[in-house]
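Please open the structure in your viewer, with the sequence panel alongside, and follow the stops below in turn. Each stop names a selection and then says what is to be found there.

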Amino acid sequence: MAYDDLRSFLRALDREGDLKRIKAEVDPHLEIGEIVDRVQKAKGPALLFENVKGSSMPLAMNVFGTEQRLAKALGLKGPDDIADKIAGLLKPELPQGFTGFRDAFGKLASMAHVPPKHVKSTDAPVHEVVLTGEDVNLDELPALFTWPLDGGSFFNLGLTHTKDPDTGVRNLGLYRLQRHDRRTIGMHWQIHKDSRNHYAVAAKRGERLPVAIAFGCPPAVTYAATAPLPGDIDEYLFAGFVAGERVKMVDCKTVPLQVPADAEVVLEGWLEPGEMLPEGPFGDHTGFYTPQEPFPALKIDCVTMRRRPILQSIVVGRPPTEDGPLGKFTERFFLPLLKVIIPDIVDYDLPEAGGFHNCVIVSIDKKYPKHAQKTMHAIWGAHMMSLTKLIIVVDSDCDVHDYQEVAWRAFGNVDYSRDLTVVEGPVDHLDHASYQQFWGGKAGIDATRKLPEEGYTRDGGWPEMVSSDPATAALVDRRWKEYGL
């Protein structure tokens with residue numbers, strides 16, 4: 001089973017020697033970021049800063065910094081545990097398209113351990129302390145000024161709750177949050193995000209939007225907030241499925257939303273229509289600074305928390321970072337569902353160096369001319385995969401996770417006058433390379449073997465790849481020790 005809350009997971013890591021407690025005073029202005037970035041890139045332990053300058057609240061960092069730690073947090077041996085379970089739910093019907101995608105998740109609702117469970121405020125640890133009015137002071141929470149050109153201090157792992165003003169369907173998202181002052185937070189809602197749409201609908205009506213931001217949530221909930229689910233699929237349904245148990249939820253004190261009862265800290269407030277403030281710059285997961293832009297400014301009316309709360313955050317920047325394990329788990333979890341939408345896919349890889357959306361490497365069992373190009377366009381039409389800038393298609397005998405093998409195919413199997421597809425379409429809000437914001441050029445590389453029907457008519461057809469003689473390879477295997485190698 002997954003861990004019920006953040007602190008129980010930290011205790012487990014502490015017992016196993018995979019948590020480093022840092023008792024020396026550390027500065028959230030640049031110093032913590034530098035420490036965490038070095039530890040992350042060295043695949044080091046989770047960190048608990050117990051003496052953060054300017055705050056009495058400990059700060060947990062690098063909690064999901066390795067795939068092994070993330071798997072442990074979710075109660076899994078690895079990401080394939082859930083991927084296999086999802087695949088089992090999709091059989092034997094294998095429904096097609098986005099309707100099938102939603103129906104597949106809808107099946108989870110019938111499982112008793114999946115739907116979130118409502119608990120009373122008196123049973124919610126996150127309501128042990130309630131602060132309102134002048135007692136609200138965000139300066140007491142350890143926000144990070146991570147990179148030298150950042151526009152301020154940010155909370156990087158606040159799980160933002162909103163709901164659609166039309167349907168009442170909630171959304172759980174993970175967005176960076178700039179601390180403007182002791183009661184105001186900037187909401188960095190990118191153009192493709194569901195919460196931005198919720199705000200736009202409310203603002204058009206002249207209504208304010210309720211918002212709740214939770215920190216230090218149960219690990220499955222934190223992971224679910226990062227998953228690119230369609231807007232009508234409840235992240236708490238997915239979190240319960242991943243965790244293998246129902247997530248406990250409690251009503252907020254001042255807004256009509258629910259949050260995890262076992263969270264460490266929750267901020268509650270209302271977004272007024274049209275109230276914007278400059279947000280950024282920020283050294284984001286792209287590894288580049290994103291520019292300052294106007295984003296909604298949230299006034300915090302209430303803070304609830306546990307006694308002696310622990311804040312959790314992450315450092316993003318030039319990969320590898322803590323985003324890496326989270327992105328790789330999403331890659332594996334969603335393979336069965338992506339196959340529902342695009343049955344052509346055998347396997348795929350989302351390189352961390354591409355921010356998990358700039359590049360997709362996909363293998364197919366090629367059956368007909370231009371099968372690779374058909375797959376490219378299907379990927380560009382599949383939910384948030386539409387933001388992919390580069391698609392490399394290889395044959396099914398290529399290991400998409402072996403970048404050396406992929407490079408060999410992409411460098412050698414391509415005639416760029418015929419095998420390169422260039423299109424235009426949406427790109428990530430944070431993409432700095434597009435010559436205008438939100439859309440730009442994309443490319444698909446067909447690195448598969450070419451068929452005569454595709455115009456490859458050279459004598460002898462597509463050549464065979466070099467490989468060892470099987471009998472000789474077996475002989476060398478048997479005699480390997482004799483060679484003294």
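Begin by selecting G186 together with A297, since in this predicted model A297, in β18, is the bridge partner of G186. The pair belongs to a stretch in which strand β10 (residues 184-187) and β18 run antiparallel and are held together over three bridges.

**Along strand β18**

Extend the selection to the whole of β18, residues 293-305, and colour it by accessibility: the strand is mostly covered, with 10 of its 13 residues buried. Next add strand β5 (residues 129-132), which pairs with β18 in the antiparallel sense over four bridges; here T132 faces C302 of β18. Strand β14 (residues 265-271) also pairs with β18 in the antiparallel sense, over six bridges, and a useful place to look is G269, which stands opposite I300. Finally, bring in strand β15 (residues 276-279), which is antiparallel to β18 and joined to that strand by four bridges, with E279 and E293 as one of the partnered pairs.

**Two cis peptide bonds**

From β15, step into the loop that leads on to β16 (282-283), where P281 lies. The peptide bond from G280 to P281 is cis, with omega near -5 degrees. A second cis bond is found by selecting P319 and P320, where omega is near 5 degrees; P320 sits in the loop between β19 (311-312) and α9 (323-333).

**Two residues with positive phi**

Now select R308, in the loop between β18 and β19, which has a positive phi of about 50 degrees although it is not a glycine. The residue is exposed, with a relative accessible area of 72%. Then move to K43, in the loop between α2 (31-41) and β2 (46-49), where phi is again positive, at about 55 degrees, in a residue that is not a glycine. K43 counts as exposed too, at 64% relative accessibility.

**Salt bridges**

The structure as a whole contains 36 salt bridges, and a few of them are worth displaying as side chains. In helix α2, show K41 and D37, whose side chains meet in a salt bridge (2.7 Å, N to O). Because the two residues are four apart in the helix, they are separated by about one helical turn. Their surroundings may be compared by accessibility: K41 is partly exposed at 36%, whereas D37 is buried at 13%.

A contrasting arrangement appears on selecting E134 and R182, which form a salt bridge with an N to O distance of 4.0 Å. This pair links distant parts of the chain, 48 residues apart, with E134 in the loop between β5 and β6 (154-155) and R182 in the loop between β9 (177-181) and β10. E134 counts as exposed at 65% relative accessibility, while R182 is partly exposed at 32%.

To see a network, select D5, R7, K248, D262, E264 and R306, which are linked to one another through salt bridges.

**A three-stranded open sheet**

Select β4, β12 and β13, which form an open sheet in the order β4-β12-β13 with mixed pairing. β4 (117-118) and β13 (258-260) stand at the edges, each with a single partner strand, so one side of each is left without a neighbour in the sheet. Between β4 and strand β12 (residues 248-251) the pairing is parallel, through two bridges, and H118 has M249 as its bridge partner.

**Helix α12 and the second largest pocket**

Turn to helix α12 (residues 403-412), which gives the most to the lining of the second largest pocket, with three residues. That pocket holds about 400 Å³ of space and is lined by 18 residues, of which D395, R449, W462, P463 and M465 lie nearest its centre. Within α12, show R409 and E405, joined by a salt bridge (2.7 Å, N to O); R409 counts as buried at 3% relative accessibility, and E405 as partly exposed at 22%.

**A covered helix and a surface patch**

How many residues of helix α7 (residues 219-226) are buried? Seven of the eight are, namely P219, A220, V221, T222, Y223, A224 and A225.

End at the surface with Y416, L420 and V422, which form a nonpolar patch with about 290 Å² of accessible area together. L420, in strand β23 (residues 420-426), is partly exposed, with a relative accessible area of 36%.

Methods: Residues numbered from 1 in each chain as written. Predicted model: local features only at pLDDT ≥ 70, side-chain atom pairs only at ≥ 80, totals over all residues. Heavy atoms only, no water. Pairing = 2+ DSSP bridges. Patch = residues over 30% accessible without salt bridge, like charges linked within 9 Å, V, L, I, M, F, W, Y side chains within 5 Å. Areas by Shrake-Rupley, 256 points an atom, 1.4 Å probe, with all protein chains shown as cover. Buried < 20%, exposed > 50% of the residue type's maximum accessible area, 1.4 Å probe, protein only. 1 Å grid on protein atoms, 1.4 Å probe; cavity = no way out; pocket = protein on both sides within 12 Å on 5 of 7 lines; lining within 4 Å. Points joined across faces, edges and corners; volume = space filled by probe spheres on them.
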